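Thank you all for coming. I would like to walk you slowly through one structure today, so please bring it up and follow along as I go.

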Amino acid sequence: MPQDDRSGQIDPSDETVVLGVDTHKDAHVAFVIGIQGNALGHNSFPTTTAGYRQLLTWAKGFGTLRRAGVEGTSSYGTALTRYLREAGVCVLEVNQPDKGNRRRRGKTDAIDAEAAARAVLSGRVTAVAKTGDGPVEMVRMLKMTKESATKSRSQAINQLKAVVVRADPALRESLTGLSNPRLIRRCADLDRAAPTTAETTAVYTLRSLARRIQVLTEEIDDLNTQITATIAASCPTLLDCYGVGPDTAAALLITAGDNPERLRSEASFAALCGVSPIEASSGKARRRRLNRGGDRRANSALYTIVIARLRWNTRTRDYVARRQSEGKTRREAIRCLKRYVAREIYQIITTPSSPNTTPLPTAA
């Protein structure tokens with residue numbers, strides 16, 4: 001998993017306290033421990049600029065602060081993470097506390113904040129938090145908006161077709177057999193009649209739904225343009241990679257974050273995407289199993305890229321045929337391809353100006 005590239009730059013002798021934060025919508029609970037593990041204090045602060053300033057001042061009052069463990073760095077703790085990073089504090093991402101420890105000690109915000117600080121101090125937590133303040137954050141918000149609009153459009157299309165099925169026979173027959181674009185245009189051009197009867201209400205509803213679909217389609221097209229432009233400006237070579245489109249590029253960039261330097265190697269990026277094998281050896285048995293963790297959207301994006309290459313790229317098809325002749329199944333060959341593509345994408349993301357966009361899957 002992602003490692004803290006700056007951890008080696010922190011001199012333990014120059015650090016006297018470690019901060020842990022349990023984040024919430026309206027208030028964050030902070031806990032400070034000494035470098036020897038002794039508890040120094042905890043407090044609650046509002047989720048405002050003044051509150052973040054008070055939190056940092058309070059924590060530094062116990063000693064020199066270099067590292068902080070924060071829960072929810074990509075949700076409630078995003079703004080606090082940015083503030084601490086700007087103040088020179090290395091922010092590490094902390095997952096939820098261990099369930100066994102929670103059963104023994106109970107659950108309070110102060111206990112969770114203390115657990116976050118001790119996870120950093122022990123070295124159990126090493127993942128650097130995403131910055132969330134650059135072009136990748138822009139892509140994330142645009143993609144989220146597009147997904148919402150796409151879902152609403154699909155819902156509206158389904159509703160329109162359901163109304164057509166129950167409409168008056170004459171109206172239904174005039175709309176039956178049309179493709180979706182023609183059906184939507186025909187319904188959008190229906191006369192605007194006051195909904196006084198079941199027949200006129202059906203016409204009114206079809207016209208309203210069709211125009212909603214047209215507006216959502218325009219919005220989706222505009223968002224696609226914005227996503228493509230943002231990716232092209234921040235990582236232009238990624239879109240030149242064979243089989244990579246705006247949606248798959250966005251998913252992979254969101255997984256890496258605005259600070260991909262937090263990933264020490266391509267293996268860490270592969271682990272984030274869930275395409276790295278995991279050791280499952282026991283006794284004399286030596287084997288590996290499929291990684292079912294990681295970001296599933298990134299994993300899906302890699303699969304989409306591989307399928308596109310299998311359909312159109314001769315070298316990729318030759319690779320799969322060769323692996324199958326060696327005894328591997330098609331699914332196993334695709335898993336190998338996903339791992340190769342993850343390596344290629346990592347090289348592009350970490351060196352955006354790199355001219356190397358040649359597909360790697362045939363190298364085995």
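Let me begin with the second largest pocket, where strand 7 (288-289), helix 12 and helix 14 each supply at least two residues of the lining. I should say at once that this is a predicted model, and what I describe is to be taken in that light. The volume of this second largest pocket is about 490 Å³, and 21 residues line it, those closest to its centre being Leu-290, Arg-331, Glu-332, Arg-335 and Cys-336. Helix 14 gives the largest share of that lining, eight residues, and if we sort the lining by class we find seven nonpolar, four polar and 10 charged residues.

The largest pocket, for its part, has a volume of about 730 Å³, and of the 27 residues lining it, Thr-73, Ser-74, Glu-93, Lys-130 and Arg-262 are the closest to its centre. Here strand 5 (90-94), helix 5 and helix 10 each supply at least two lining residues, with helix 5 giving the largest share, three residues. By class, this lining is made up of eight nonpolar, 11 polar and eight charged residues.

Helix 10 deserves a longer look. How many of the 11 residues of helix 10 are buried? Nine of them are, and so this helix, residues 246-256, is largely enclosed by the rest of the structure. The buried ones are Thr-248, Ala-249, Ala-250, Ala-251, Leu-252, Leu-253, Ile-254, Thr-255 and Ala-256, and what covers them includes helix 5 (135-166), helix 8 (198-234), helix 9 (236-239), helix 11 (266-272), helix 12 (296-312) and helix 14 (330-350). Just after helix 10 comes Gly-257, which takes a positive phi of about 90 degrees.

Helix 10 also takes part in a salt bridge, in which Lys-146 pairs with Asp-247, their closest N and O atoms being 2.8 Å apart. This pair links distant parts of the chain, since Lys-146 sits in helix 5 and Asp-247 in helix 10, 101 residues apart. Are the two partners buried or partly exposed? Lys-146 has 11% relative accessibility and therefore counts as buried, whereas Asp-247, at 39%, counts as partly exposed.

From there we can move to the largest nonpolar core, which has 41 residues, and in which Leu-238, Leu-252, Phe-269 and Ile-345 touch the most other members. Helix 5, helix 8, helix 10, helix 11, helix 12, helix 13 (314-325) and helix 14 each supply at least two residues of this core, and the largest share, 10 residues, comes from helix 14. As general background, nonpolar side chains tend to be buried together in soluble globular proteins. If you would like one residue to click on, take Phe-269: leaving aside residues up to four places away in sequence, Phe-269 touches Leu-252, Ala-256, Leu-263, Ala-342, Ile-345, Tyr-346 and Ile-349. Apart from this core lies another, of 19 residues, including Val-21, Ala-30, Ala-68 and Val-89.

To finish, let me return to the salt bridges, of which the structure holds 12. One of them joins Arg-322 to Glu-326, with the closest N and O atoms 3.5 Å apart. Another is formed by Lys-107 and Asp-109, at 3.6 Å between the closest N and O atoms, and these two are linked with Asp-112 in a network of salt bridges. Lys-107 is partly exposed, at 46% relative accessibility, and Asp-109 is partly exposed as well, at 30%.

Note on methods
Residues are numbered from 1 along each chain as its sequence is written. This is a predicted model: local features need pLDDT of at least 70, side-chain atom pairs count only at pLDDT 80 or more; totals for chains, interfaces and linings use all residues. Side-chain values use heavy atoms; hydrogens and water are left out. Buried means under 20% relative accessible area, exposed over 50%, partly exposed in between (1.4 Å probe, protein chains only). Helices (H or I, at least four residues) and strands (E, at least two) are DSSP runs, numbered from the N terminus. Contact means heavy atoms within 4.5 Å. A nonpolar core is a set of buried Ala, Val, Leu, Ile, Met, Phe, Trp, Tyr and Cys residues joined through side-chain atoms within 4.5 Å. A salt bridge is a side-chain nitrogen of Lys or Arg within 4 Å of a carboxyl oxygen of Asp or Glu. On a 1 Å grid over the protein atoms alone, a cavity is a set of points where a 1.4 Å probe fits but cannot get out, and a pocket is an open set with protein on both sides within 12 Å along at least five of seven lines; lining residues have an atom within 4 Å of a point. Grid points are joined across faces, edges and corners, and a volume is the space filled by probe spheres set on the points. Ala, Val, Leu, Ile, Met, Phe, Trp, Tyr, Cys and Pro count as nonpolar, Asp, Glu, Lys and Arg as charged, and the others, Gly among them, as polar.
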